[in-house]
Amino acid sequence: MDFAARIRKDHGVLIRFFVAKAMGAATALARSELARSDLERRLGATVRFELAESYADLEAAVVGKQAHLVWAPPLVCARIQPHAWATFKLARRGRSTYRTAILALRGKVDLERARGLRAAWVDRSSLGGYLLAREHIRKTRASYDAVVREEVFLGSQPEAIAAVLDGKADITAVAVSDDSISALHAGISTYVSESRVPMLESIAVTGEVPTDALVVTHALERESADDIVERLFGATAGRGPSALRLAMEAEGFERASPSEYAEVLRLVHEA
């Protein structure tokens, strides 16, 4: 049985690709439209992108076998490894790891002395938008609760950064490829206009973790999953579909080992 026939038999010619609202709903949907036609051509099946309201919902869609493909942050990747046939990290700026920059309005916050800050985070399961920043503060200061007196989870990166820009919060966090100024600019400008980027500065940069990734899940039969991996990432596919790379703002994909996520789970457990 060929690939298209097998997909029709097992999945009704429909591949459900889940993305998270955390990047911003409009951005997520625009990027999915960018990739859709190329994926449908390569896979020979209809691809329907669906928006998960939270990272918990994204994880639940995988565990419940509702999602065939997911674009997931590293903590979700770590948690869903028992439900994944394959995980492909996104490579950006020559790296498949990233760090988190803790952001504040320029000149307003000295993290070494700060107390009683208001924090705007993305999601409780977001490494780049919360957990790495929390872990850094916990390790470098005597008490996270003394430094941060109030925290809110806004569900998306644009909303979290906007809270700081609008004076509703003192700090937030954004993923960056490294600790350089150019990486910081790239990380912030993804979510705010160029004119507002200089209003923000990094007051700390954390250690690194694996990047977000494309996950092929157990909602697919194994043979279908192997075919999808070959069609998207096989020898003839190069670094992965160009439209998908563009949608995910990546240079390419690197297959991840499940062992890479053990450290992610340890870090979160200790946070």
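In which loop does Gly 116 lie? In this predicted model, Gly 116 is placed in the loop between S5 and strand S6 (117-121), and with a relative accessibility of 24% the residue counts as partly exposed, because buried would require a value under 20%. Leaving out residues up to four places away in sequence, Gly 116 touches Ala 146, Val 147, Arg 149 and Asp 170. Its C-alpha atom is separated by 48 Å from that of Leu 232, a residue that stands 116 positions away along the chain.

**Overall architecture**

The chain is built from 11 helices and 12 strands. Its radius of gyration is 19 Å, close to the 18 Å that the globule rule gives for 271 residues, and the chain is therefore as compact as a globular protein of that length. Taken along the principal axes, the box filled by the C-alpha atoms is roughly 65 × 40 × 30 Å. Among the contacts in the chain with a separation of 6 or more, 80% are accounted for by residues 24 or more positions apart.

Of the 271 residues, 52% count as buried. The chain exposes about 11,800 Å², of which carbon and sulfur atoms supply 49%. As for charge, the chain carries 36 positive and 36 negative charges, and the mean positions of these two sets are 1 Å apart.

**Nonpolar cores**

In soluble globular proteins, nonpolar side chains tend to be buried together. In the present chain the largest nonpolar core has 64 residues, of which Val 70, Leu 127 and Ile 171 touch the most other members. Helix H5, which covers residues 127-140, gives the most to this core, contributing six residues. A second, separate core has 28 residues, including Ala 45, Val 47, Phe 233 and Leu 244.

Which residues surround Val 70, once its neighbours within four places in sequence are left aside? Val 70 is in contact with Phe 17, Phe 18, Leu 58, Val 62 and Ile 80, and also with Ala 213, Leu 214, Val 215 and Thr 217.

**Backbone with positive phi**

Most residues other than glycine have a negative phi. Lys 65 has a positive phi, near 60°, and this residue is found in the loop between helix H3 (55-63) and strand S3 (69-72). Arg 93, likewise not a glycine, has a positive phi of about 50°, and its place is the loop between strand S4 (84-91) and strand S5 (97-105). Is Lys 65 buried or exposed? Lys 65 counts as exposed because its relative accessibility of 54% is over the 50% cut-off, whereas Arg 93, at 39%, counts as partly exposed.

**Separations between residue pairs**

Two further residues, together with Gly 116, serve to describe how positions along the chain relate to distances in space. Ala 26 belongs to helix H2 (residues 25-43) and is exposed, with a relative accessible area of 61%. Glu 221 is located in the loop between strand S11 (213-217) and helix H9 (222-233), where its relative accessibility of 44% makes it partly exposed. The table sets out the C-alpha separations for these residues.

| Residue pair | Separation in sequence | C-alpha to C-alpha distance |
|---|---|---|
| Ala 26 and Lys 108 | 82 residues | 31 Å |
| Glu 221 and Pro 198 | 23 residues | 49 Å |
| Gly 116 and Leu 232 | 116 residues | 48 Å |

Glu 221 and Pro 198 are thus 23 residues apart along the chain, with 49 Å between their C-alpha atoms, while Ala 26 and Lys 108 are 82 residues apart in sequence, with 31 Å between theirs.

Key:
Residues are numbered from 1 along each chain as its sequence is written. This is a predicted model: local features need pLDDT of at least 70, side-chain atom pairs count only at pLDDT 80 or more; totals for chains, interfaces and linings use all residues. Side-chain values use heavy atoms; hydrogens and water are left out. Helices (H or I, at least four residues) and strands (E, at least two) are DSSP runs, numbered from the N terminus. The radius of gyration is taken over C-alpha atoms; the globule rule is 2.2 Å times the number of residues to the power 0.38. Buried means under 20% relative accessible area, exposed over 50%, partly exposed in between (1.4 Å probe, protein chains only). Contact means heavy atoms within 4.5 Å. Accessible areas come from the Shrake-Rupley method with a 1.4 Å probe; for residues, only the protein chains shown count as cover. Lys and Arg count as positive and Asp and Glu as negative; His and the chain ends are not counted. The place of a charge is taken as NZ of Lys, CZ of Arg, CG of Asp or CD of Glu. A nonpolar core is a set of buried Ala, Val, Leu, Ile, Met, Phe, Trp, Tyr and Cys residues joined through side-chain atoms within 4.5 Å.
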